[in-house]
Every structure is written in C-alpha cells, then in structure tokens.
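Q: Could you take me through this model, explaining what lies behind each label that is used for it?

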Amino acid sequence: WVRAVRTYTKVEDGLSREWRGRAFVNPPFSNTRPWIKKSSEHKNGILLVPASLESTTWKEIVWPNAAVILLLSGRTRFNNPDGSKTYGRPLRPIALIAWTQPDADVLRTCDLPGTLLETWRQR
C-alpha cells in the first residue's frame, strides 16, 4: 500500500479543505460534481470517478479541461482503509482523470489495464 502524506475522510470533509501539492482524489460516487470541479481547478493530481461520459458534468468540466483520461477495464474492486475488500462494485466503469501533463504522464506510464484517451473532440 502506498499511502498519501495527508488523507481526508468524510469526517474531515476534504471538499472544504485547501488542497496542496499532488492530490489523488476518490470522492463519494453519490455526488461527484463538486469534487470534479475542485480537482479541475486545483490542476495537480489525479481524480478517480465513475465514467459518466454523457453527463452534464463531464460535458462542462471534464471534456474541456482534462489532459488525459484512463478508462479502467472491467469493474473495479475497492478496499477499505484497513485493506479489507468492500462489497459490490460500481455500476459504471471507472475513469482516472489527469488535468496536466505531469499527471497525464503518470497515467500514460502506469500498468493499469484500460483505454487511455489522449485526444477527443466535443460536438
């Protein structure tokens, strides 16, 4: 396990905190929009969210601002902070979003299976 230097749980309300440095963000899937917005404005890190490609949030924030998107293969399994497995899996595939080239390079060189989107055009 690679742990972050600083972590925020639901109790610490990471959305209301100031983010410093590279942030890996895995927000609650029930309301990702404010997290996507804050992550896109922070511009330093990688965001893990459901791949809601057709949503208004993606049309307004992700597609115009992301540098690279990695759509993970299959259905992702998650673990609790203690390492135990969670039950269930997300209904949608998972997307990892990089907003800048240094973070895009991380997604380009990682060994996670999936589809790397480096170019796209909105219509």
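Q: What makes both faces of β4 count as covered in this predicted model?
A: In this predicted model, Ile94, Leu96 and Ala98 on one side of β4 are buried, and so are Ala95 and Ile97 on the other side, where buried means under 20% relative accessible area. In a regular strand the side chains alternate between the two faces of the sheet. Strand β4 covers residues 94–98, and 5 of its 5 residues are buried.

Q: How do you know that strand β2 pairs with β4?
A: Two strands pair if at least two bridges are found between them, and 5 bridges join β2, residues 45–50, to β4, so the two count as paired. The strands β2 and β4 run antiparallel, and Val49 stands opposite Ala95 in β4.

Q: What makes β3 a partner of β4?
A: Strand β3, residues 68–72, is joined to β4 by 4 bridges, which meets the requirement of at least two bridges. These strands too run antiparallel, with Leu70 standing opposite Leu96 in β4.

Q: Why is the contact between Arg20 and Glu18 called a salt bridge?
A: The closest N and O atoms of Arg20 and Glu18 are 3.5 Å apart, and the cut-off is within 4 Å, so the pair qualifies as a salt bridge. A search of the whole structure finds 6 salt bridges.

Q: Are Arg20 and Glu18 buried or exposed, and what makes them so?
A: Exposed means over 50% relative accessible area; Arg20 has 56% and Glu18 has 55%, so both residues count as exposed.

Q: What makes Arg22 and Asp103 a salt bridge, and which parts of the chain does the pair tie together?
A: Their side chains meet at 2.7 Å, N to O, and this lies within 4 Å, so the pair counts as a salt bridge. Arg22 lies in the segment before β1 (23–25) and Asp103 in helix α3 (residues 101–109), so the pair ties together parts that are 81 residues apart in sequence.

Q: Why do Arg22 and Asp103 receive opposite labels, one exposed and one buried?
A: Arg22 has a relative accessible area of 52%, which is over 50%, so it is exposed. Asp103 has a relative accessible area of 0%, which is under 20%, so Asp103 is buried.

Q: How do you know that Glu118 and Arg108 form a salt bridge?
A: The side chains of Glu118 and Arg108 meet at 2.6 Å, N to O, and the cut-off is within 4 Å, so the contact qualifies. The pair links distant parts of the chain, with Glu118 in the segment after β5 (114–117) and Arg108 in helix α3, 10 residues apart. Asp105, Arg108 and Glu118 are linked in a network of salt bridges.

Q: Why are Glu118 and Arg108 called partly exposed?
A: Glu118 has 41% relative accessibility and Arg108 has 31%; values in between 20% and 50% count as partly exposed, so this label applies to both.

Q: What makes the protein chain as compact as a globular protein of its length?
A: The chain has 3 helices and 5 strands, which run β-α-β-α-β-β-α-β from the N terminus on. Its radius of gyration is 14 Å, close to the 14 Å that the globule rule gives for 123 residues, so the chain is as compact as a globular protein of that length.

Definitions and conventions: Residues numbered from 1 in each chain as written. Predicted model: local features only at pLDDT ≥ 70, side-chain atom pairs only at ≥ 80, totals over all residues. Heavy atoms only, no water. Buried < 20%, exposed > 50% of the residue type's maximum accessible area, 1.4 Å probe, protein only. Rg over C-alpha atoms; globule rule 2.2 N^0.38 Å.
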